[in-house]
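Colleague: I should be grateful for a close look at a single part of this model, namely the place where two chains meet.

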Amino acid sequence: MPAKNSEVKKLVDKKYRHGFVTDIGSDTIPPGLNEDVIRLISRKKDEPQFMLDWRLKAYRHWVTLREPDWAKLDIDPIDYQDISYYSAPMQNDDGPKSLDEVDPKLLETYEKLGIPLHERAALAGVAVDAVFDSVSVTTTFRDKLADAGVIFCPFSDAVKDYPELVEKYLGSVVPYRDNFFAALNSAVFSDGSFVYIPKGVRCPMELSTYFRINEAKTGQFERTLIIADEGSHVSYLEGCTAPMRDENQLHAAVVELVILKEAEIKYSTVQNWYPGDEEGRGGIYNFVTKRADCRGTNSKVSWTQVEAGSAITWKYPSCVLRGENSVGEFYSVAVTNNMQQADTGTKMLHIGANSRSTIVSKGISAGHAQQSYRGLVKIFPTAHNTRNHTQCDSLLMGKHSGAHTFPYMEIKNPTAIVEHEATTSKIADDQLFYCRQRGLSEEDAVNMIVNGFCKEVFRELPMEFAVEAQALLNVSLEGAVG
Amino acid sequence: MKKNIQDRDTRSAAALTTIEAVFKKLQAEPAADIPAWLQPTREKAFANFRETGFPRAKDEDWKYTNLTSFAERSAAYLSNQPLAATNKTAGNFLTDLPETENEIRIVFVNGLHRPDLSTAIKPDSGLKLTPYSTADSSTSEEILHQQPADPNVLIALNTAFLADGLAVQVANDKKVETPIHVVFISDGQPCATQPRLSIDIGFNAHAFVIQHHISTGESLTNAVTSINCAEQSQLLFVRLQNESDESIHVANQVVRVATDSLFTSIGIDFGGQLARNDLAVDLCGEQARANLYGLFMINGQRHVDNHLQIDHHAAHTTSQENYRGILSDTARGVFNGKIIVHAGADGTDAQMSNRNLLLSERAEINTKPELEIYTDDIKCAHGATTGQLDMHAMFYLRARGIPEASARMMLVSAFAQEIIDHLRSATPALADYLNLQMNKQLPDIA
C-alpha cells in the first residue's frame, strides 16, 4: 500500500511540476499604481526621458479605459491597486558580469525548469533570455549573436543601448491606446526581450525567452519587441511558468513584431502558467496582446502557440498583412481542464494584394473548462486576390466542458477567397475501442488520439518544443477521462 | 467615428421619445379598429419596449446593421396613425403573384385584414384561420398564450402597436395540403406596418404556410411570426420578402419545435433597402429537427442581415442550415448563425453552411457562424465561404460560345438554385415564380 500511495502522490505532483517557489531575496515595490510608481519604475531602470513620457501618456490613457467585457470569460474583479508592479531578484548593484555571478538559487530554479542556461545551452543551440518576475536575469550567447549582427538583449538594456531603435518601433505595432491591458502594460512594463535582426541576416540560432513569476502579489508585465529587417529570418520561442498559489496573479504582456520586406519571423509559445487547482482557486490571468505587422512585400509571420496553463487566457495573436504577397499563419493548440477558461484566437487583417493567411486552431476542453475560439478575418478593399483558410476544431471531454466558436469574416473585395471550417466533437467511441482492443490503456489511447488531433500544430513547433508540448498535453489532461 | 456612434444613439433615443408620445395619445383615445382584448398586452409590450430602447450602435447583435433609419421612420410614420387600409388599388399588387393551384390566400394591407382581397375563409374541420380583428374570446386567449415569452425590442414594438394579424391553427392529426399564402402589402402610404402571424400546428399535423411581403415606395414593416410545432408535426414555412428598393423591413420569427417534429424554413430576400431577419428556433423535444434555408440577392446600396439562432435543448435533436448570399454594386450583406447546444442535449447533430458570392468591387459581406457548446456527446460543424464566380466554370461556358453576360447569369442562377430547389417538390409554381423574380433582377446584378 505505501508503495502505491507514493505512486499516487507522484501522479498528483506531476500535475503542475513548476509549482515551486524560489526563496530568493527580492526588491519588490509596495502594491499600488499611480504616476509616482511609474516614475519609480522608470528611475529604477535608469531610462531615458522619452520612455518615461511614453509610460505616463499610456498611464493617463489607461485611467480613462474600462476592462473589456466582451470575451466569454468569467473574471473575478481585479484590484489594480493591490498588485506590485515591480519585483526584481536582489543582486549586486553592478549586475552579473557572467553566469558565475548570478545567484546560484536562481540558476537552480532554471535548472529545475529545464532551461539550458549553462554550457548545456551550447548543445541545445538555443540562446536564452530569462525573465524572472519583472526583470531579465541573464541573456546567454549574446556575443555569438553579436558577431552575426543580431541584437538579443533584455528590453531595459535595449532602451539604454539602442534608444533610436526602441523609440522608432516601440508602440508602432501595438500602440499604448490599443486596449486596456496593452495600455496598462505600456505604463508599467518592467522588462522583456528585444531582438533586432539586421538586413539579410539569418539568425544563426533559435532565440528563446523564459518567463517566470516567483514573487507573490506581483503582476508580470513584459514587453517583447522583435524587428526583422529586410530579408532576415528568425525563429523565436517563449515559455512561461509560475508557482502554485491560491490567489490569482495577473500577467499582461505585449508582443510586437515588425517584419520588413522579405523578412520572416516564426514565433512559438508554450504557455504553461499555473492554471489553478481543481476547484479553480488561484492561477494566472494571462491577458496578452500580440501583434505582427508585415510591412513589406513577401514578408511572413507565423505564430504557433500551445496554451496549456493559466486560469484565464485572453489572447489573440494577430497579423497585419500590409505588404504585397505577405503571409500570415496561426497555429494553435489550447488545452483547458478543470475550471480553466480560455478565450483565444487570431486576427488576420489583409490589406496588401495577394496576401495569404492560414489559421489552424485546435481546442481541447475537459472537466468544467470553457474555451472559445474568437477570430477575425478582414479583407480590405485594397486586398486583391487574397486567400484565407481557417480551420478550427474542438474536442470535448466531459459533460460539463464547453467549446465555443466566434469567427468573424468581413470581406470587402470580391477577388478574395475566404473559407472557414469548424467542427466540434468528442473522442469517438469507435476510435477508443480500436485502441483499447490493441492493448492500450484508456489513458494512453486518449493521449494518442489527442496528440493526433493536435499534430498539425505540433509539426510547426521547433523540435525540442514539440516534445515538451506533447508531454505537457498529456499532463494537462490527466484525469480528464473516465 | 465615436461622434457618429453617439449621434446614432441620440437619434434613436429621440425617435423613442416621439414614439412614446404617440403611444400615450393612443392610450388616451384608442382607435376603433383595435381589438379591445389586445389592449393590456399592448401596454405591457410598450413598457418592455420603452425599457429596452432601440439597439445601441455598440450592441454586438447590431454590429453591422444600423437601425437608426428604422427608428426614425417608425417615429415619423407612427405619428400618422391610424391609417385606414381602404386603398382600392391594393389588389393590383396581387396580379403578379404565383399561380399556385387552390391555395388559400389571406391578404393584409398596411397591417389590416382585407376580406375583399382574400379567399373566403371557410370553416374547415381542423384548419382555423382567424384574423385578430374577428377573433372570439377563446381564440384571442389562444393567440395571447402564444406570445413570444422573451420578446426582443422589435417584437415588443410590434406588439405595442399591434392592430391586426392572422392566427393559423391546425388541429391534431390534420394534414393541410393546400398552401396557406399570407400576403402583407404596404401600399406606399406613410404607415408603420406591424404584421403579425401566429402559427400553431397540432399533434401529428402537417401544414405549409407562405408569409409574403410586397410593398411600394418608402414602406416600413416590422413583422413578427410566432410558430409552435407540437409533437410529431411538420411545418414548411416560406418567408418571401420582395418589398420595394426604398423599403425598410425587419422581421422576427420565433419558433418552438417539440418532440419528433420537423420544422423547415425557407427565407428569400429579393427586396428592401434595409432588411433584417431574426429567426430563433428552440428545439425543445427529443428528435426535433429544423432545416433552415435562406437566399438573398441584393444590389445598389441595399443591406440585408440574416440572424439565426438555434437552441438545442433536448437530446438527439438535429439542425441543418444553408444560407446563400449574392451581392453586387455596393450592397452589404450580413450572416450571423448561432448554434447553442445546451447541457443535456446529447446526440445533437448541427450543421451550418453559409456561402456568399461577391460580384462587384465594392460589395461587402460580414459573416459570423458561431457555435456555443455545453456538452460533449455531439457533432457540430459549420462552414463559410466567400468568393467570386469560378474562373474555370466561366471559361467552360465561354468556350462553348455563350456570351459573358449570359454565362455570368447562368452561374449566379445556378448558385441560387440549391435553395430554391428545396421549394420545388412542395410547390413547383412558387419555385418558378421565384426564378422569374430572380431572372428579372439578374441582368442588373450579374
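How many bridges join strand 24 of chain A to strand 20 of chain B, and in which direction do the two strands run?

Modeller: Please bear in mind that the model is predicted. Strand 24 of chain A, which spans residues 417-426, is joined to strand 20 of chain B by eight bridges, and the two strands run antiparallel. Within this pairing, His420(A) has Ala384(B), a residue of strand 20 of chain B, as its bridge partner.

The pairing may be set beside the contact between the chains. Here 30 residues of chain A are in contact with 31 residues of chain B. On the side of chain B that touches chain A, the elements giving two or more residues are strand 19 (364-373) and strand 20 (378-387). By class, the residues on that side of chain B comprise 12 nonpolar, 10 polar and nine charged.

Elsewhere in chain B, two helices meet. Helix 2 (residues 39-52) and helix 5 (residues 153-160) of chain B have axes that come within 7 Å and cross at roughly 145°, and the crossing is left-handed. Helix 2 of chain B brings residues including Phe46(B) and Phe49(B) to this contact, where helix 5 of chain B offers, among others, Ala156(B) and Leu157(B). The contact of these two helices has seven nonpolar, four polar and one charged residues.

In chain A, Thr224(A) lies in strand 8 (residues 223-228). Thr224(A) counts as buried because it has 24 C-beta neighbours inside 10 Å, where 20 or more suffice. Leaving aside residues up to four places away in sequence, Thr224(A) touches Gly192(A), Ser193(A), Thr209(A) and Val255(A). Of these, Ser193(A) is 31 residues from Thr224(A) in sequence, yet their C-alpha atoms are 4.8 Å apart.

Definitions and conventions:
Residues are numbered from 1 along each chain as its sequence is written. Chains are lettered from A and ligands numbered from 1 in the order in which they are written. This is a predicted model: local features need pLDDT of at least 70, side-chain atom pairs count only at pLDDT 80 or more; totals for chains, interfaces and linings use all residues. Two residues are in contact if their C-beta atoms, placed from the backbone, lie within 7 Å. Helices (H or I, at least four residues) and strands (E, at least two) are DSSP runs, numbered from the N terminus. Ala, Val, Leu, Ile, Met, Phe, Trp, Tyr, Cys and Pro count as nonpolar, Asp, Glu, Lys and Arg as charged, and the others, Gly among them, as polar. Two strands pair if DSSP finds at least two bridges between them. Axes are lines fitted to C-alpha atoms, for helices over the stretch in contact, and angles run from 0 to 180 degrees between N-to-C directions. A crossing is left-handed if the near helix is turned anticlockwise from the far one by less than a right angle, and right-handed if clockwise. A residue is buried if 20 or more other C-beta atoms lie within 10 Å of its own, exposed if 12 or fewer, and partly exposed in between; C-beta atoms are placed from the backbone.
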